[in-house]
Amino acid sequence: MSASIDLDATLFSGQTFAWSKQDGVYQAVVGRQLVCFTEKTFDPLLAQNGALRRYFDMDWEYGRAESYLSSLDPHLARAIQAYKGLHILNQDPWEVLMGFLLSQNNNIKRIRGMYELLSKHFGTHVEGPWYAFPRPEQLMNVSEQDLRQLGMGFRAPYLLDAIQNHALLQAIPDLGDEEAYRALQTIRGVGPKVALCILAFAFHRQQAFPLDTWMLKVMKTRYPGRDASYFTPYAALAQQYLFHFERTQGGRL
DNA sequence: GGCCAGGCCCCAG
DNA sequence: CTGGGGCATGGC
């Protein structure tokens, strides 16, 4: 009984596009290895794998954050009650950048499919049907036409620009929130929303508060006149709860 | 079959 | 600085 984590909410709330679950078995390639577990084998796996413990962000102050956010207002309290244990992963910045370039004007199901397609075509084979998401070096010779033929559509040139400028990600940890926010948007196809997703999901910036179409609706109906500062210092976590709750339960009255 | 999806670019006012 | 059309494609 390590700290409680809600695996379904964490892995299928649209912060990562790498995971699948079949017959109770969670699977994805993390780093260069296939990670595979069930509810029962999750804790033992973490006990022997420190990198995964960090990936699942097991040592952050979720108890305090859940408690504080629940005290803010009834709507947020309901969202947290519904998905208590929703964690924000510590993902690879490159994979988050590419994943959220794919996300624009798109739906989560198809994003996952496109992400998997890029992995199968350009990534390193791991085992069985599993491939790692391609590193930038593996994509250096890809053309816009290649990407369009794989169904990437108008995002193809954005992916190419990210491939060319991936080194920019190295500097982000040393930058403050505002500087990092601006630096990320020098990549073509990275606007305010995608930049904030990268800051939240790859760099664990707790004040990153991405507003997609779902969150815009939540803010308009539930939090008129408010912004991220209302949720300080846990805006990113609040956003993920509200987003997931809205999408799955329509912000149930 | 039309509307929408974890938006952004670009151009007009 | 703000508003709105266009963009590829498929889920539902």
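# Protein–DNA contacts and domain arrangement

Around DNA strand B lie 27 residues, of which Gly-14, Asn-106, Ile-108, Arg-188 and Gln-239 are the closest. The model is predicted. Chain A is divided into two domains, domain 1 (7-89 + 209-249) and domain 2 (93-203). A second strand, DNA strand C, has among its surrounding residues Asn-105, Arg-110 and Arg-148.

**Surface near DNA strand B**

- By residue class, this surface consists of 10 nonpolar, 13 polar and four charged residues.
- Helix 11 (192-203), helix 12 (213-222) and helix 13 each contribute at least two residues to the surface near DNA strand B.
- Sugar or phosphate accounts for 60% of the atoms of DNA strand B within 4 Å of the protein, and bases account for the rest.
- A polar backbone atom of Asn-106 is placed 2.7 Å from a sugar or linking oxygen of the strand.
- Trp-214 has a polar side-chain atom 3.0 Å from a phosphate oxygen of DNA strand B.
- The side chain of Gln-240 has an N or O atom 2.9 Å from a base oxygen of DNA strand B.

**Gln-239**

- Gln-239, one of the residues closest to DNA strand B, is located in helix 13 (residues 235-249).
- Gln-239 counts as buried because its relative accessible area is 4%, and the cut-off for that class is under 20% with protein chains only.
- Leaving aside residues up to four places away in sequence, Gln-239 touches Phe-201, Phe-209, Pro-210 and Met-215.

**Surface near DNA strand C**

- The residues surrounding DNA strand C are Asn-105, Asn-107, Lys-109, Arg-110, Arg-148, Gly-151, Gly-153, Phe-154 and Arg-155.
- By class, they comprise one nonpolar, four polar and four charged residues.
- Of the atoms of DNA strand C within 4 Å of the protein, 62% are part of sugar or phosphate, with the rest in bases.
- Two side chains have an N or O atom paired with a base atom of DNA strand C: Asn-105 at 2.4 Å from a base nitrogen, and Arg-110 at 2.8 Å from a base oxygen.
- For Arg-148, a side-chain N or O atom is 3.2 Å from a phosphate oxygen of the strand.

**Interface between the domains**

- The centres of domain 1 and domain 2, taken over C-alpha atoms, are 21 Å apart.
- Contacts join 24 residues of domain 1 to 17 residues of domain 2.
- Between them the domains bury about 1700 Å², with 71% of this area on carbon and sulfur atoms.
- On the domain 1 side, Phe-17, Val-29 and Pro-210 lose the most area to domain 2, together 38% of what that side buries.

Conventions
Residues are numbered from 1 along each chain as its sequence is written. Chains are lettered from A and ligands numbered from 1 in the order in which they are written. This is a predicted model: local features need pLDDT of at least 70, side-chain atom pairs count only at pLDDT 80 or more; totals for chains, interfaces and linings use all residues. Side-chain values use heavy atoms; hydrogens and water are left out. Helices (H or I, at least four residues) and strands (E, at least two) are DSSP runs, numbered from the N terminus. Buried means under 20% relative accessible area, exposed over 50%, partly exposed in between (1.4 Å probe, protein chains only). Contact means heavy atoms within 4.5 Å. A residue is near a molecule or strand if one of its heavy atoms lies within 4 Å of it. A polar contact is a pair of N or O atoms within 3.5 Å; within protein, one must be able to donate a hydrogen and the other to accept it, and residues adjacent in sequence count only if both atoms are side-chain atoms. Ala, Val, Leu, Ile, Met, Phe, Trp, Tyr, Cys and Pro count as nonpolar, Asp, Glu, Lys and Arg as charged, and the others, Gly among them, as polar. Domain bounds come from an automatic or database domain assignment. Buried area is the accessible area (1.4 Å probe) that two parts lose on being put together, summed over both.
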